[in-house]
Amino acid sequence: MSSPVRSPADVEAGPASPLAAEQPREVELKLAVPLEHVEELMRHPLLKRSLAPARSEQLSSVYFDTPDLRLAKDDVTLRVRRHGRRHIQTVKLGPMRQAGLFSRAEWEEPVPTSKPDPARIGNRKLRQRIDRVRLKRGLKPIFGTEFKRTNWLLKGHRGGKVAVGLDVGEIKTREGSRSICELELELKSGKPGELFEVAEALARDMPLRLEFESKASRGFALYQGEASRPVKACEVALGDVDTTFAMAKRTFAACFDQLAANWGPAVDGSDPEGVHQLRVAIRRFRSALGLFRELLDADGHAKLRLELGWLAQELAPARAWDVFLAELLPSGAGALPVPAVRKTIVRLARRVRKESYERARAALASKRGADLLLALRIWVDEPRWRPAGEEAHAGPPSAAEAMSARDFARHMLHRRHKRVRRFARNAAELSPEALHALRIQVKKLRYAAEFVSGLFPRRRVKSYLRDLARLQQDLGAINDAVTLPPLAGQLLERDRDARLAQAVGALIGWHASRAVSARTHLGPLLEEFADARKFWS
């Protein structure tokens, strides 16, 4: 079962349901651990400073739901775990996939057998909801988990306490199994920042990657035979935001939300949208950093942009070959009259695409990738603001700080719209370099408009974004003619057949002709866009 990743901003906002309003909440951070690093992790100096001796236990759990997973669809998880001779029933309320920190209400009660007993649930409304579902649809075991847990208790630098649990085992259904090898960092006292400090210390020497799916989420997905689905960006919730600082935090959270949701689909690679949406999320995060750069610490801002740029480059070839196979080749197929040559091109392109995906997966699985993911999540929770008194990157030192969120949005949109409008003056004479710069500015303007759309009338925003989309589509056709020759060159390096060279040349020519047509439309489009009504004015 696939459910949206819950954003850090949602977690901060409080309980996901009135049922959980007065219930103590577990706050956890999950880290995926490569199996080959388990022994090294257990010898980590930080864990040797545990406040209590490390102890291990074997845990066995069964998760229950209706055959159509009615409880899971309502963000309710019901399990019975065996502790020696005892059985503990646990009900959790909250999304099973969350962007970094897991924050869920939890009820635990002993039960006499391995079967759930809804009558023992401490919350009356939740008890009644589960009982109605049980009577109407019936409850059955969906999947089980078997793992060894090793526990430590650490004192954080801020004075709080963090329980560390290393789980190694598997999730099992009738359909198959999936391994478990992860760290759970649970906040026992203090602020969530304690969890990130412990995670950073443990991840210093090994690739510990943030895990966004609970065991329950993975178990239900295994039961249904589903992989994580790619997720598009959602609107940034700005309805109650007054300050530019608050707007920046909400925007970073939304960008991370999309990035977190698409990390798994990109690794899986079965749907090209996974890599595409991850690259979109990276560009959006970089754009957000640029948008609020006057507020941010220069070094922290620059390092994150650099690392995000590295990851985008590692993913770029995979995306390029996805576009070639799904768009560039089919649209220009009429230029390739010989079926045998078309098949050769597809075969070679798929081979290069496979190699490109191996490169992308290697980057996502690397320590550098894991460190970036953790750094981004920490940034969302605690952005590194520019120290008071330090000069801003541009403009007066406190220009952005002094503005309300809405005024800052107007100022920023006016400035970015003006940059795009400048290109309208000499649209017919734009060089390839200028066209590339225009395309980048259009993307930045679009992301900025999407980020702040919640502050302005929806209908006017949609009209403006429609005009931007038309401009982007035209620039995309021109860009295709630029990106195609290097891809064609890679094909010809693998097969120097004369017929293949001729066919590839014809494909390049077709897209070049399309780009010429797009350029004739570009001038009028730019002029029309320059005169369009601005939703922020």
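What follows is a friendly conversation about how some descriptions of this predicted model are reached.

Reader: Let's begin with the whole chain. How do you know that the radius of gyration of the protein chain agrees with that of a compact globule?

Author: A compact globule of 537 residues would have a radius of gyration near 24 Å, and the protein chain has 26 Å, so the two agree. The C-alpha atoms fill a box of roughly 80 × 65 × 50 Å along the principal axes. Within that box, the secondary structure comes to 16 helices and nine strands.

Reader: What share of the 537 residues is buried, and what makes a residue count as buried?

Author: A residue is buried when its relative accessible area is under 20%. Buried residues make up 51% of the chain. As for the accessible surface, it comes to about 24800 Å², and 50% of this belongs to carbon and sulfur atoms. Among contacts with a separation of 6 or more, 75% join residues 24 or more positions apart.

Reader: Now to the helices. Why is H8 called roughly perpendicular to H13?

Author: Helix H8 (residues 273-291) and helix H13 (residues 405-422) pack at an angle of about 110°, with 12 Å between their axes. Angles of 65 to 115 degrees count as roughly perpendicular, so H8 is roughly perpendicular to H13. The contact is made by Ser287, Gly290 and Leu291 on the H8 side, and by Phe408, Met412 and Arg416 on the H13 side. By class, these residues are three nonpolar, two polar and one charged.

Reader: And what makes H8 roughly perpendicular to H14?

Author: The angle between H8 and helix H14 (residues 432-452) is about 80°, and their axes are 10 Å apart. Since 65 to 115 degrees is the range for roughly perpendicular, that name applies to H8 and H14 as well. From H8 come Val280, Arg283, Arg284, Ser287, Ala288 and Leu291, which meet Lys443, Lys444, Tyr447, Ala448, Glu450 and Phe451 of H14. The contact of H8 with H14 has six nonpolar, one polar and five charged residues.

Reader: Thr251 has my attention next. Why is Thr251 counted as it is, buried or exposed?

Author: Thr251 has 0% relative accessibility, and the limit for buried is under 20%, so Thr251 counts as buried. Thr251 sits in helix H7 (residues 244-268). Beyond four places in sequence, Thr251 touches Val236, Ala288, Phe292 and Phe451. Of these, Ala288 belongs to the H8 side of the contact with H14, and Phe451 to the H14 side.

Reader: What makes Gly239 exposed?

Author: Exposed means over 50%, and Gly239 has a relative accessible area of 77%, so the word fits. Gly239 is in the loop between helix H6 (215-224) and H7. Its C-alpha is 22 Å from that of Lys444, with the two positions 205 residues apart in sequence.

Reader: Glu314 is a charged residue. Why is Glu314 called buried or exposed, whichever it is?

Author: The relative accessibility of Glu314 is 18%, and buried means under 20%, so Glu314 counts as buried. Glu314 lies in helix H9 (residues 298-331). Leaving aside neighbours within four places in sequence, Glu314 is in contact with Arg359, Ala360 and Ala363.

Reader: How do you know whether Leu507 is buried or exposed?

Author: At 2% relative accessibility, Leu507 is under the 20% limit and therefore counts as buried. Leu507 is part of helix H16 (residues 498-530). Not counting residues up to four places away, Leu507 touches Phe324, Leu328, Leu329, Gly332, Leu336 and Leu484.

Reader: One last topic, the backbone. What makes the phi of Leu69 and Asp75 worth a remark?

Author: Most residues other than glycine have a negative phi. Leu69 has a positive phi of about 60°, and Asp75 has a positive phi of about 65°; neither is a glycine. Leu69 is in the loop between strand S2 (55-65) and helix H3 (70-73), while Asp75 is in the loop between H3 and strand S3 (76-83).

Reader: Why do Leu69 and Asp75 get the accessibility words they do?

Author: Leu69 has a relative accessible area of 0%, which is under 20%, so Leu69 is buried. Asp75 has 24%, and a value between 20% and 50% is called partly exposed, so Asp75 is partly exposed.

Technical notes
Residues are numbered from 1 along each chain as its sequence is written. This is a predicted model: local features need pLDDT of at least 70, side-chain atom pairs count only at pLDDT 80 or more; totals for chains, interfaces and linings use all residues. Side-chain values use heavy atoms; hydrogens and water are left out. Axes are lines fitted to C-alpha atoms, for helices over the stretch in contact, and angles run from 0 to 180 degrees between N-to-C directions. Helices (H or I, at least four residues) and strands (E, at least two) are DSSP runs, numbered from the N terminus. Angles under 35 degrees count as roughly parallel, over 145 as roughly antiparallel, 65 to 115 as roughly perpendicular and the rest as oblique. Contact means heavy atoms within 4.5 Å. The radius of gyration is taken over C-alpha atoms; the globule rule is 2.2 Å times the number of residues to the power 0.38. Buried means under 20% relative accessible area, exposed over 50%, partly exposed in between (1.4 Å probe, protein chains only). Accessible areas come from the Shrake-Rupley method with a 1.4 Å probe; for residues, only the protein chains shown count as cover.
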